[in-house]
Amino acid sequence: MRNQTRKAEREAKAAAERAEREAKAAAERAEIDAELATRGVVLGAALFERTDPTLETAQIGFVDKTAGSMLQFPVLLLYPEFGQTDFIQVFGELDTFGSHLTELYPPTGAPLPWDSTNSYVFSTLAIYAMPCMTPPLDEAEAKVFHKPVARGIKPVRLDMSTTLLQAITLPGYVMPQLPAFHVMVAGS
């Protein structure tokens, strides 16, 4: 009987801790959603299934809540010509694409294994935001998304000095769970 009581107490404590964690996560998610809405970010469905454990845990979060409401995002860079991706786990909303791409493509870096022509070097890169890649989660926004005008929006070439916040608030850009941008060689 005593073992059953202890087991019940442990299970109750574990359930209470789990409920507390879930409530805390839901409150933080609501805070983040409010911050995204304040910035004018339109949220959309996921583009990819998160099967990789690194992607599974990647979430939008606050950089440092004590210093303000600055957000950081996980970001996917897609290389459609080669079917490759780069995953940036922490991309601050005020970080520029150039600052991250110079880390991925340093001037004296070795060519990428999939880039047999060594054409993917920082000075030749072009990055694009693809508006309307995914439908918005909000029903009212989704109705507008399906109108012919929304479908006519073209990819937007981003300058290397463009911040992530500028990119995810472009007209027509619907941010998937993992913001994604296309990287190509300029003129290809």
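**Figure 1. Asp33 and its salt-bridge partner in helix α1 of the predicted model.** At 30% relative accessibility, D33 counts as partly exposed. Its partner R29 is likewise partly exposed, at 31%. The two side chains form a salt bridge in which the closest N and O atoms are 2.6 Å apart. Both residues belong to helix α1, where a spacing of 4 residues places them about one turn of the helix apart. In total, the model contains 3 salt bridges.

**Figure 2. A salt-bridge network links E35, R39 and E93.** The side chains of E35 and R39 meet in a salt bridge with an N to O distance of 2.7 Å. Because E35 and R39 are 4 residues apart in helix α1, about one helical turn separates them. R39 also meets E93 in a salt bridge, here with an N to O distance of 2.6 Å. This second pair links distant parts of the chain: R39 lies in helix α1, whereas E93 lies in the loop between β4 (84–92) and α3 (97–104), 54 residues apart. Both R39 and E93 are buried.

**Figure 3. Surroundings of E31 in helix α1.** E31 is located in helix α1, which comprises residues 2–39. With 36% relative accessibility, E31 is classed as partly exposed, because this value falls between the 20% limit for buried residues and the 50% limit for exposed ones. Apart from neighbours within four places in sequence, E31 is in contact with F62 and K65. The C-alpha atoms of E31 and S69 are 9.4 Å apart, although 38 residues separate the two in sequence.

**Figure 4. A nonpolar surface patch made by V63, M70 and L94.** Together, these three residues make a nonpolar patch of about 260 Å² on the surface. One of them, M70, is found in the loop between β2 (61–62) and β3 (71–79). M70 has a relative accessible area of 35% and is therefore partly exposed.

**Figure 5. The buried residue T162 and its contacts.** T162 occupies a place in the loop between β6 (156–158) and α6 (164–168). Its relative accessible area is 12%, under the 20% cut-off, and T162 is therefore buried. When neighbours within four places in sequence are left aside, the contacts of T162 are with D95, T96, F97 and A167.

Note on methods. Residues numbered from 1 in each chain as written. Predicted model: local features only at pLDDT ≥ 70, side-chain atom pairs only at ≥ 80, totals over all residues. Heavy atoms only, no water. Helix = DSSP H or I, 4+ residues; strand = E, 2+ residues; numbered from the N terminus. Buried < 20%, exposed > 50% of the residue type's maximum accessible area, 1.4 Å probe, protein only. Contact = heavy atoms within 4.5 Å. Patch = residues over 30% accessible without salt bridge, like charges linked within 9 Å, V, L, I, M, F, W, Y side chains within 5 Å. Areas by Shrake-Rupley, 256 points an atom, 1.4 Å probe, with all protein chains shown as cover. Salt bridge = Lys/Arg side-chain N within 4 Å of Asp/Glu carboxyl O.
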